[in-house]
Amino acid sequence: MTKTMRAVVYENYGPPDVLRVAEVTVPSPGAGQVRIRVAATSVNRSDSEGLRGSPLYARLGGLRTPAVRTLGSDIAGWVDTIGTGVTRFRAGDEVYGDNLALRGGFAEYAIAPESVLVHKPPELTFAEASTIPQAGAIALQGTVGTSEGSRVLVNGGGGGSGSFAIQQAKRLGAHVTGVDNAGKLDHMRSLGADEVMNYHREDFTREGPYDLILDLVAGRSVFDYRRALARGGRYRCVGGPVPVLLGVLALGWIVGGLTHRRIGILVVREGPAHFQPMAELCVAGDVRIHIDRTFELAAVSEALAYVGEDRALGKVVVEVP
Ligand SMILES: NC(=O)c1ccc[n+]([C@@H]2O[C@H](COP(=O)([O-])OP(=O)(O)OC[C@H]3O[C@@H](n4cnc5c(N)ncnc54)[C@H](OP(=O)(O)O)[C@@H]3O)[C@@H](O)[C@H]2O)c1
């Protein structure tokens, strides 16, 4: 008899209410893949982007309709079955990882390549582990080059990656400014930010100068960013509308190069080697995991709506009983 499971699926790009809970066939792992019984999957902005199909890069692989039917990439759970050739895991192992290519975490079972997974540290809960892969990798790579006394600004500092990035920059000795909406200013202070700005009222590109700007939600021109950078400073963005990213890509190196600054896009390297160091910092108590809310599987659309409602502090997690 075919085994079925509950999964949150969508057929068309749109707002959270295009998501529905469906009874679907439990997938089988192929060669080099494992099947995970999902315990928790954290929500990333990339899930909201994949849901809405916006910015345009979120439609890679599926221009008119979504390439994957179930979102959720940062998963944690138990290995259920392994495919041929899998050597690092066996049934029952507790694992977590960033399953960005296949996704499928908003379901009772998900398939992931062995290579994207690692064993979960026993000190972390499944929910905690699920917050780390994407946001932790962005925070670690986005703060490279920070040193004692650097002036670092994190734009979007109250969200998932930003909450890790503020703490990491502080650990490295920086003077940190966090930018986000009014409801997240205290949260950023509690993470260690020395200064905070409300993006609805203040324009960080008219402040500074900063040695490093990590921009999680780019929305300005290259000339604005240049103005906010100190000589020798660096601007890196990871997400934003395609025209803004194209502007950074096309003009950043010229405008930056001519004025002794570096302006560009951070293409985040994925995989355990890039997020495990953040998990180690969390286990050691050097970085704090902040989970704002957890939702159950049937409430994935509410979880995604909540993240888009200007309210989520740090991470939001979907737990699968
Ligand atoms: N480059 C790469 O290789 C790569 C890899 C993976 C992910 N990404 C991207 O990384 C980005 C970061 O994701 P995340 O999960 O950290 O996002 P997140 O949790 O949604 O955090 C973003 C934060 O920025 C705030 N914000 C929104 N508009 C803002 C503005 N104009 N100025 C300042 N802050 C603003 C949001 O607050 P509100 O609640 O007000 O919206 C939220 O607190 C995503 O765009 C994702 O696609 C890039």
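Here are legends for a few close-up views of this predicted model. Local features need pLDDT of at least 70 and side-chain atom pairs count only at pLDDT 80 or more, while totals for chains, interfaces and linings use all residues. Numbering starts from 1 along each chain as its sequence is written, and side-chain values use heavy atoms, with hydrogens and water left out.

**View 1. The ligand and its shell.** Count the residues that surround the ligand and you get 26, where a residue qualifies if one of its heavy atoms lies within 4 Å of the molecule. The closest are Glu49, Gly160, Ser161, Asp180 and Lys184. By class, the shell has 10 nonpolar, 10 polar and six charged residues. Here nonpolar stands for Ala, Val, Leu, Ile, Met, Phe, Trp, Tyr, Cys and Pro, charged for Asp, Glu, Lys and Arg, and polar for the others, Gly among them.

**View 2. Polar contacts to the ligand.** Look here for pairs of N or O atoms within 3.5 Å. A backbone N or O atom of Gly160 sits 2.7 Å from an oxygen atom of the ligand, and one from Gly159 sits 3.3 Å from a ligand oxygen. Asp180 uses its side chain instead: an N or O atom there is 2.7 Å from an oxygen atom of the ligand. On its own, the ligand has 960 Å² of accessible area, and the protein covers 86% of that (Shrake-Rupley method, 1.4 Å probe). Elements giving two or more residues to the shell are helices H1 (45-52), H3 (133-142) and H4 (160-171), plus strand S9 (175-180); these are DSSP runs, helices being H or I with at least four residues and strands E with at least two, numbered from the N terminus.

**View 3. Helix H3, tucked away.** All the way along, 10 of the 10 residues of H3 are buried, so the rest of the structure largely encloses this helix. Buried means under 20% relative accessible area, exposed means over 50%, and partly exposed is in between (1.4 Å probe, protein chains only). Among the buried residues are Pro133, Gln134, Ile138 and Leu140.

**View 4. A nonpolar patch on the surface.** Phe223, Leu251, Trp253, Ile254 and Leu258 make a nonpolar surface patch of about 570 Å². Helix H7 (residues 242-258) gives the largest share, four residues. Phe223 belongs to helix H6 (residues 222-228) and counts as partly exposed, at 49% relative accessibility.

**View 5. Gly256 in H7.** Gly256 also has its place in helix H7, but this glycine is buried, with a relative accessible area of 0%. Between Gly256 and Arg226 the C-alpha to C-alpha distance is 6.7 Å, although they are 30 residues apart in sequence.

How values were computed
Polar contact = N/O pair within 3.5 Å; in protein donor to acceptor, adjacent residues only side chain to side chain. Patch = residues over 30% accessible without salt bridge, like charges linked within 9 Å, V, L, I, M, F, W, Y side chains within 5 Å. Salt bridge = Lys/Arg side-chain N within 4 Å of Asp/Glu carboxyl O.
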